[in-house]
Amino acid sequence: MTIYDYGFIGEQTGTVARITAVHRDRFGIAGDFGEGYARLKSAEYYAGNEVFPTAGDFVTIDYIKNGDSRILSTLPRRTVFNRRDPGPIPREQAVAANFDYVFIMQSLNHNFNPKRLERYLTLAWQSGATPVILLTKADLVEDYWEYLTQVERIAAGVSTHVVSARTGYGLNRLGAYLQPGKTLVFLGSSGVGKSSLVNTLAGREIMAVGGIREEDSRGRHTTTHRQLIRLESGVMIIDTPGMRELAMWETTEGLSDAFADVEKHLGRCRFSDCTHTKEPGCAIRAALEAGELELSRWESYRKLKEESIDKDEMLRRKREWSKNVAKFSKDRKKEIW
Ligand code: GDP
Ligand code: ZN
């Protein structure tokens, strides 16, 4: 196996490795030398000259045969997913790097949600990788044409596939993405079938379905802390707790969902900075007068919006949110990792 089998593109002098796992201060690495562990060469990293590696990163190392290698530098990323660091200082934190395809997954039975799909698509395009939409659990529905029509409206031009990990339906269409050296990430709520699909693609149980990792007689599976998995087919999959949190953000961004009936009237006023009080050509007042918009709905929407402009309130919510994410990630780690 060479670093090129791990998806490395280009030329590099020195030894290049791919990050397969991120622990507190130790990294899993793979490359020409096989698999091993590495630590950061502190001086470079703590001086702020280098980007901290994340799962999927390519790094240059001083290879040490019988011990932890030294990571010297993080090579530029082709694609990346960032999330807000749940620490006290808000900053971006990379949760996966150098993936080729983002499999955006929603299940056909109850998880399908156009708003969430839009958000996932935005994230995927921002990452620099190619989004592919997978509507999962096809075996649980009679007909999916209506869903496909909705997807088409939101994501025209994005490849969309209907699949079932249980029956294998539609999986043959994924061949174009499942090429040796390619890396995938999955973006989808818990329960949509990410682990099941990985297992089906791997041809064996490498991820715990339903969130509980099975134990074998010698304890935990060796893949417990692995965050980049290379299948025998040569396809790689990155699955980190951070990716799962990224998929969760929707819970904190429910305002638009909850007020779709109000928001559909916005942006139609004659003046773009309309305050909806006395300006001529105000679409909101017109909708209220015509009975198309309930006054009580408008009032509660306005109240919420006013609140969210309040800076202190914003900061308070941000801290609250960060706390929840940190707690969630801790619980999640206990559960899965
Ligand atoms: P994850 O949380 O996204 O990794 O989802 P899992 O792979 O753990 O699956 C959640 C549940 O959905 C499990 O009970 C799976 O057995 C079930 N499931 C996954 N894929 C399919 C499918 O294609 N068809 C059906 N009927 N159930 C599925
Ligand atoms: Zn107005």
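This passage describes the surroundings of ligand 1 and the architecture of one β-sheet in a predicted model.

The shell around ligand 1 consists of 16 residues, of which D139, G191, S195, S196 and G210 come nearest. By class, this shell divides into four nonpolar, eight polar and four charged residues. Polar contacts to the ligand involve both side-chain and backbone atoms of the protein. In the side chain of D139, an N or O atom is placed 2.7 Å from a nitrogen atom of ligand 1. Oxygen atoms of the ligand also take part: one is 3.3 Å from a polar side-chain atom of S164, and a polar backbone atom of V192 is found 3.4 Å from an oxygen atom of ligand 1. On its own, ligand 1 has 580 Å² of accessible area, and 84% of this is covered by the protein.

Strands of a sheet pair through backbone hydrogen bonds, in either a parallel or an antiparallel sense. In the model, six strands form an open sheet with mixed pairing, arranged in the order β10-β9-β8-β11-β15-β14. The edges are occupied by β10 (160-162) and β14 (228-230), each of which pairs on one side only. On average, neighbouring strands of this sheet are turned by 25° against each other, direction ignored.

Within the sheet, the pairing of β11 (residues 183-187) with β15 (residues 236-238) is parallel and extends over three bridges. Here V185 stands opposite I238 of β15. Helix α3 (residues 145-154) packs on the sheet, where it touches β9 (130-136) and β10. The direction of α3 makes about 160° with that of β9.

Methods:
Residues are numbered from 1 along each chain as its sequence is written. Chains are lettered from A and ligands numbered from 1 in the order in which they are written. This is a predicted model: local features need pLDDT of at least 70, side-chain atom pairs count only at pLDDT 80 or more; totals for chains, interfaces and linings use all residues. Side-chain values use heavy atoms; hydrogens and water are left out. A residue is near a molecule or strand if one of its heavy atoms lies within 4 Å of it. A polar contact is a pair of N or O atoms within 3.5 Å; within protein, one must be able to donate a hydrogen and the other to accept it, and residues adjacent in sequence count only if both atoms are side-chain atoms. Accessible areas come from the Shrake-Rupley method with a 1.4 Å probe; for residues, only the protein chains shown count as cover. Ala, Val, Leu, Ile, Met, Phe, Trp, Tyr, Cys and Pro count as nonpolar, Asp, Glu, Lys and Arg as charged, and the others, Gly among them, as polar. Two strands pair if DSSP finds at least two bridges between them. Helices (H or I, at least four residues) and strands (E, at least two) are DSSP runs, numbered from the N terminus. Axes are lines fitted to C-alpha atoms, for helices over the stretch in contact, and angles run from 0 to 180 degrees between N-to-C directions. Contact means heavy atoms within 4.5 Å.
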